[in-house]
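Biologist: Before I rely on the terms used for this protein, I should like to see how each of them is justified. May we go through them in turn?

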Amino acid sequence: MKLKLDIKSNALDSFNEALSKFESGEQGDIKSFKFSILHLSHCIELVLKMYIQTLDEDLIYLKCYKKLIQKAKEANVDLLVAYKLLEESEFDFSTLINGHTNPYTITVDHVISIAKNEICSITGNKFVDQDFIDDINWMKGLRNSIEHYEFEFTVKEVRLCIGRLVRGLDEFTDVFSLFNLESEVGKEKFHVFSVLADEYEQTLSEAHHEVKETEDALYRGTRPKEQMFIEWNVYTCESCGNDTMIPNSNSSTGYKCTYCENEESEEIEVDCDACYLPWANGEMTYWDENLANVCPGCVNPEAW
């Protein structure tokens, strides 16, 4: 049996594996995020090399890249301009690797040093922004730590960075007409991709994760009979409309939305100054400075 994947198929295979491991991580297998990083890193490296091949198929080889560096120094230009000068002179890069059966290929850093110079002729904006480059470098550093020594990461940091990288990768493949990433995602993992590819959806998903993780941490290690004394409420945030307002000791109101960071809500309960029972603060009535929060039960006892 023989397996052969071209560079695109290889990249997409790793991308789908990255989504699969990301989903496992979301479901509680935290170690799976490690493999999601490795697979996504491999995918991005191959996609960057696909971009290089749109310039010249042989540019993925180190000997050809060194020719670009030489030309850039001679002409005092960046590497992309150096490539265009060589292209205009009809330079044949294949002559540099003739006779080499397995030449070394370039690295992610080499590709970025070329791609970062791509500029839109209409707007003048760079096609590859610095944020995407920074995230690639962060992931590359973490991948190297995973592969060669020891590593440490927070789950939230990894989830957010993977989301940004997926969105950056989606844009990169579109800008350089490599392929439509959305249409290439496997059906069984499309729901994972759709959340990561949508910044709002991923940020909201992260906010819900924080709610669940905070609740788990609060109840962890307590006996069932003690849990009834734990104060835990989740309110609907009046600012963003999400059920993401939870207790926060650093908030002036005692609550904070994990999505939009709003701290105000009329649903937050406070103790009545007359009967000392908790009521939503929006239902309280002010009587005087000593009775600033009077509940409806005390205002109109007969109605209750």
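Modeller: Certainly. Let us begin with Ala197, which lies in helix α9. Please bear in mind that the model is predicted.

Biologist: Why is Ala197 called partly exposed?

Modeller: Its relative accessible area is 26%. Buried requires a value under 20% and exposed a value over 50%, so 26% falls in between and Ala197 is partly exposed. Not counting residues up to four places away in sequence, Ala197 touches Val166 and Arg167. Its C-alpha atom is separated by 36 Å from that of Val77, and the two residues are 120 apart along the chain.

Biologist: What makes Glu261 an exposed residue?

Modeller: Glu261 has a relative accessible area of 54%. Exposed means over 50%, therefore Glu261 qualifies. Glu261 is placed in the loop between β2 (255-257) and β3 (269-271). Between Glu261 and Glu238 there are 11 Å in space, C-alpha to C-alpha, and the pair is 23 residues apart in sequence.

Biologist: Why is Gln202 called buried?

Modeller: The relative accessible area of Gln202 is 4%. The cut-off is under 20%, so Gln202 counts as buried. Gln202 has its place in helix α10 (residues 199-219). Leaving aside neighbours within four places in sequence, Gln202 is in contact with residues including Arg159, Arg164, Arg167 and Leu196.

Biologist: How do you know that Ser36 is buried?

Modeller: The same test applies: Ser36 has a relative accessible area of 1%, and buried means under 20%, so Ser36 is buried. Ser36 is found in helix α2. With neighbours within four places in sequence left aside, Ser36 is in contact with Ala18, Lys21, Phe22 and Ile162.

Biologist: How do you know that Cys43 is in no disulfide?

Modeller: By the rule applied here, the count of disulfides comes to zero. For Cys43, the nearest cysteine sulfur is that of Cys161, 14 Å away. A disulfide needs two cysteine sulfur atoms within 2.5 Å, so Cys43 does not meet the condition. Cys43 is buried, with a relative accessible area of 2%. Cys64 also counts as buried, at 0% relative accessibility.

Biologist: How do you know that α7 has the span expected of a helix?

Modeller: At 1.5 Å a residue, the 21 residues of α7 should span 30 Å, and the end C-alpha atoms are 30 Å apart, so the two values agree. The buried residues of α7, among them Cys161, Gly163, Val166 and Phe172, pack against α1, α2, α6, α8, α9 and α10. After α7 comes Ser177, whose phi is positive, near 50°.

Biologist: What span does α1 reach, and what is expected at 1.5 Å a residue?

Modeller: Helix α1 (residues 7-26) has 20 residues and reaches 29 Å from its first C-alpha to its last, close to the 28 Å expected. Among the buried residues of α1 are Ala11, Leu12, Phe15 and Phe22. The buried residues of α1 pack against α2 (32-55), α7 (155-175), α8 (181-184) and α9 (190-197). Just after α1, Gly28 takes a positive phi of about 120°.

Biologist: What makes a set of residues a nonpolar core, and which residues have the most contacts inside the largest one?

Modeller: The residues must be buried, of nonpolar types, and joined through side-chain atoms within 4.5 Å. The largest such core has 60 residues, and those with the most contacts inside it are Phe15, Leu40, Tyr51, Ile52, Ile114 and Phe172. Its largest share, 12 residues, comes from α2. Apart from this core lies another, of six residues, including Tyr235 and Met245. As for Phe15, its contacts beyond four places in sequence include Leu40, Cys43, Val166 and Phe193.

Biologist: What makes an empty space a cavity, and how many of 30 Å³ or more are found?

Modeller: A cavity is a space where a 1.4 Å probe fits but cannot get out. A search of the whole structure finds one of 30 Å³ or more. The largest cavity has a volume of about 40 Å³. Its lining comprises Leu48, Ile112, Ala115, Val128, Phe132, Ile133, Ile136 and Phe172. Helix α6 gives the most to this lining, with three residues.

How values were computed:
Residues numbered from 1 in each chain as written. Predicted model: local features only at pLDDT ≥ 70, side-chain atom pairs only at ≥ 80, totals over all residues. Heavy atoms only, no water. Helix = DSSP H or I, 4+ residues; strand = E, 2+ residues; numbered from the N terminus. Expected span 1.5 Å × (residues − 1). Buried < 20%, exposed > 50% of the residue type's maximum accessible area, 1.4 Å probe, protein only. Contact = heavy atoms within 4.5 Å. 1 Å grid on protein atoms, 1.4 Å probe; cavity = no way out; pocket = protein on both sides within 12 Å on 5 of 7 lines; lining within 4 Å. Points joined across faces, edges and corners; volume = space filled by probe spheres on them.
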